[in-house]
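Trainee: I'd like a close look at one part of this model, please. Could you walk me through its pockets and what lines them?

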Amino acid sequence: MDCEAFIQEQIASIRQIVGGGLAINALSGGVDSSVVTVLGHRALGDRLKTVFVDNALMRQGEPQYVVSLFTQMGIPVELIDARAEFLRALAGLVDPEEKRSAITRTFYRDVFGRLVRQSGARFLLHGTILTDIEETVSGIKRQHNILTQLGIDPEQEYGYQVIEPLKELRKDAVRQVGRVLGLPPEITERIPFPGPALAARIVGEVTEERLATVRAATAIVEEELGDWGAFQYMAVLLSDRATGIRNGQREFGEIIVVRCIDSVDARQASVVELPWSKLRAISERITAIPGVNRCLYDLTPKPPATIEYV
Ligand code: XMP
């Protein structure tokens with residue numbers, strides 16, 4: 001693919017659609033939203049307002065890391081603290097699709113609706129890619145960022161129009177465009193991370209305490225497997241519990257699943273055959289997290305499993 005031509009076309013098209021108006025976009029620090037942020041800034045300059053919404057579901061240190069990285073690149077990012085709002089919306093929900101829709105609603109209707117009204121923007125620049133659309137339309141999973149394809153008219157429902165410059169690209173092409181745009185490898189080579197963030201890795205209710213557990217496990221897995229060259233790796237918190245022993249006492253503890261997969265475009269995935277010593281090191285660190293007394297390695301490819309658990 002000719003990345004330069006793609007970039008020029010998208011810049012022209014964003015300028016034409018937005019005209020003299022204002023646009024807003026949410027940066028998550030993933031490849032897709034980072035590429036959209038740079039494209040949007042090239043097209044609109046300071047007529048694009050970029051926000052990072054802290055939804056309480058982020059990885060350790062993520063909001064501060066992403067905001068400072070883009071600030072260094074000369075792109076100002078406003079950090080919006082919406083943690084309480086998301087935790088309220090998720091309280092009591094255990095069904096995967098209900099959790100996903102609560103996140104979509106809180107993000108697009110409540111938080112974004114408000115930000116758009118306050119900023120006077122009429123356009124939302126959005127990092128939807130082809131795979132998100134395909135999997136949602138085929139009914140495999142409702143991706144958090146799909147609106148129109150699910151029959152939601154954002155203009156009517158939320159008061160803004162959505163622009164999706166990446167909707168014909170797959171992940172590998174988005175990474176290429178990011179490299180040509182000059183994004184650093186920390187971003188362009190970053191492993192995929194789902195929009196619903198750590199909520200996609202908690203089976204059952206999402207609470208602050210359960211988020212802290214999966215966040216700690218995620219940090220360990222990312223540290224241990226960062227150099228492995230796998231497509232994606234993660235920690236998942238199950239809703240079951242298991243009996244264990246800690247300090248000589250019986251403990252009915254939490255169970256963490258570790259997943260590490262290879263894939264080209266996330267449509268199919270195979271499990272990485274990690275050496276026993278690596279698995280043991282990960283397991284020892286994970287079972288040192290307070291309340292966690294089991295660590296399992298997931299051997300299931302996609303299909304029949306999906307990559308995420310929720
Ligand atoms: P699944 O679990 O569907 O994941 O096999 C395929 C790839 O997509 C990521 N994923 C998401 N990305 N919003 C996203 O932006 C989502 O709602 C979402 N769900 C899954 C997942 O991490 C994997 O790379």
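Mentor: Here is a tour of two pockets, one after the other. Keep in mind that this is a predicted model.

Let's start with the largest pocket, which has a volume of about 370 Å³. Its lining is made up of 14 residues, and the closest to the centre are Arg-59, Glu-62, Arg-190, Glu-222 and Glu-223. Sort the lining by class and you get seven charged residues, four nonpolar and three polar. Where do they come from? Helix H3 (62–72) and helix H10 (208–225) each supply at least two residues of this lining. H10 gives the most, with five residues.

Now move to the second largest pocket, with about 220 Å³ of space. Here 15 residues form the lining, and Asp-54, Ala-56, Met-58, Arg-83 and Arg-215 are the closest to the centre. The elements that give two or more residues are H3, helix H4 (83–90) and H10. Once again you meet H10, which gives the most to this lining too, with four residues. By class, this lining divides into seven nonpolar, five charged and three polar residues.

So what should you look for on screen? Find H10 and follow it along: it gives the most to the lining of the largest pocket, and it also gives the most to the lining of the second largest pocket. Then pick out H3, which supplies at least two residues to the largest pocket's lining and two or more to that of the second largest pocket.

Terms used. Residues are numbered from 1 along each chain as its sequence is written. This is a predicted model: local features need pLDDT of at least 70, side-chain atom pairs count only at pLDDT 80 or more; totals for chains, interfaces and linings use all residues. Side-chain values use heavy atoms; hydrogens and water are left out. On a 1 Å grid over the protein atoms alone, a cavity is a set of points where a 1.4 Å probe fits but cannot get out, and a pocket is an open set with protein on both sides within 12 Å along at least five of seven lines; lining residues have an atom within 4 Å of a point. Grid points are joined across faces, edges and corners, and a volume is the space filled by probe spheres set on the points. Ala, Val, Leu, Ile, Met, Phe, Trp, Tyr, Cys and Pro count as nonpolar, Asp, Glu, Lys and Arg as charged, and the others, Gly among them, as polar.
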